[in-house]
Amino acid sequence: MISEQECIFCKIVRGEIPSKKIYEDHDVIAFLDINPANPGHCLVVPKKHSETISDTDDEVLEKAIVVTKKLATVVKEKLNADGVNIVQNNGRHAGQLVSHIHFHIIPRFPDDKVLITYQRVQMDENALNEMQKKLTEEGKKESRSDWDMRF
Ligand code: AMP
Ligand code: ZN
């Protein structure tokens, strides 16, 4: 686990390293990705350090997703994009390189070269039923009342 002292996005939040800032409020910052998938690729980053979506306070996530929505709309309109992808990676094998939660906003244009893809696995009716059971049973083991309400 990386410390807030070493974390590259915490350093950007603290102003210790430069960024091309697009938006900032009390809780959230957004800046251009240094290695963009397309021009206009932005990152929305909660100022409070946490690593993954599961580690992040609900209140922080709520603020970050609303900024993501607003900035995605601005990016799409100002760049005359056809659409936007919102990408959020958690964990090394999910492609997370920076261990500080962030949302990617990637503007999309006709015939661009961005690939956001995955191969599908085969699951028959039985396997889908088993998976549903596994996820709902494990959900019920959680003590959080807001989770229990779903089932
Ligand atoms: P992820 O793979 O979801 O962790 O994405 C991390 C993103 O952070 C990548 O798209 C990087 O290009 C971007 N990135 C890394 N360092 C910086 C930086 N100093 N300023 C802006 N973007 C950065
Ligand atoms: Zn951090």
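How many bridges pair β2 and β3, and in which sense do the two strands run? Keep that in mind while you get your bearings; the sheet stop below has the answer. One thing to know before you start clicking: this is a predicted model.

**Stop 1: the whole chain**

Show the protein chain as a cartoon and colour it by secondary structure. You should find four helices and five strands. Following the sequence from its start, the pattern reads α-β-β-β-α-β-β-α-α. Taken along the principal axes, the C-alpha atoms fill a box of roughly 50 × 40 × 25 Å. The protein chain has 151 residues, and 30% of them count as buried. If you switch on contacts, take those with a sequence separation of 6 or more: 52% of them join residues 24 or more positions apart.

**Stop 2: the sheet**

Now select the five strands. They make an open sheet in the order β1-β2-β3-β5-β4, with antiparallel pairing. Look at the two edges, where β1 (21-24) and β4 (83-87) stand; each has a single partner strand, so one side of each has no neighbour in the sheet. From one strand to the next, the twist averages 20 degrees.

Here is the answer to the opening question: β2 and β3 pair in the antiparallel sense over five bridges. To see one of them, select F31 and its bridge partner in β3, L43. As a general point, strands of a sheet pair through backbone hydrogen bonds, either parallel or antiparallel.

Move across to β5. Three bridges join β3 to β5, and these two strands run antiparallel. V44 is a handy marker here, with F103 as its bridge partner in β5. Then go on to β4, which pairs with β5 in the antiparallel sense over five bridges. Select N85 and you will find I106 of β5 opposite.

**Stop 3: the covered strand**

Go back to β3 (42-46) and show its side chains. Are its residues buried or exposed? Five of its five residues are buried. In a regular strand the side chains alternate between the two faces of the sheet. For β3, both faces are covered: C42, V44 and P46 are buried on one side, and L43 and V45 on the other.

**Stop 4: the helix across the sheet**

Select residues 58-78, which form helix α2. This helix lies across β1, β2, β3, β4 and β5, and it runs at about 15 degrees to β5.

**Stop 5: the loop between β3 and α2**

Two residues are worth picking out here. K48 lies in the loop between β3 and α2. Leaving aside residues up to four places away in sequence, K48 touches D57, V60 and H100. Add F9 to the selection: K48 and F9 are 39 residues apart in sequence, yet their C-alpha atoms are 9.9 Å apart in space.

T52 has its place in the loop between β3 and α2 too. With a relative accessible area of 15%, T52 is buried, since the cut-off for buried is under 20%. Its contacts, again not counting residues up to four places away in sequence, are N90, G91, Q96 and I101.

**Stop 6: two residues with positive phi**

Next, select N80, in the loop between α2 and β4. Its phi is near 55 degrees, a positive value in a residue other than glycine. N80 counts as exposed, at 67% relative accessibility.

Then jump to D111, in the loop between β5 and α3 (125-141). Phi of D111 is near 65 degrees, again positive in a residue other than glycine. D111 is exposed, with a relative accessible area of 73%.

**Stop 7: the largest pocket**

Finish with a surface view. Where should you centre it to look into the largest pocket? Select D33, I34, N35, L43 and H104, the closest to its centre of the 27 residues that line it. The space in this pocket comes to about 630 Å³.

Now colour the lining by secondary structure element. α1 (8-14), β2 (28-32) and β5 (103-108) each supply at least two residues, and α1 gives the largest share, three residues. Recolour by residue type and the lining divides into 18 nonpolar, seven polar and two charged residues. L43 links this stop to earlier ones: L43 is among the residues closest to the pocket centre, and in β3 it is the bridge partner of F31.

Definitions and conventions: Residues numbered from 1 in each chain as written. Chains lettered and ligands numbered in written order. Predicted model: local features only at pLDDT ≥ 70, side-chain atom pairs only at ≥ 80, totals over all residues. Heavy atoms only, no water. 1 Å grid on protein atoms, 1.4 Å probe; cavity = no way out; pocket = protein on both sides within 12 Å on 5 of 7 lines; lining within 4 Å. Points joined across faces, edges and corners; volume = space filled by probe spheres on them. Nonpolar A, V, L, I, M, F, W, Y, C, P; charged D, E, K, R; others polar. Pairing = 2+ DSSP bridges. Axes fitted to C-alpha atoms, helices over the stretch in contact; angles between N-to-C directions. Contact = heavy atoms within 4.5 Å. Buried < 20%, exposed > 50% of the residue type's maximum accessible area, 1.4 Å probe, protein only.
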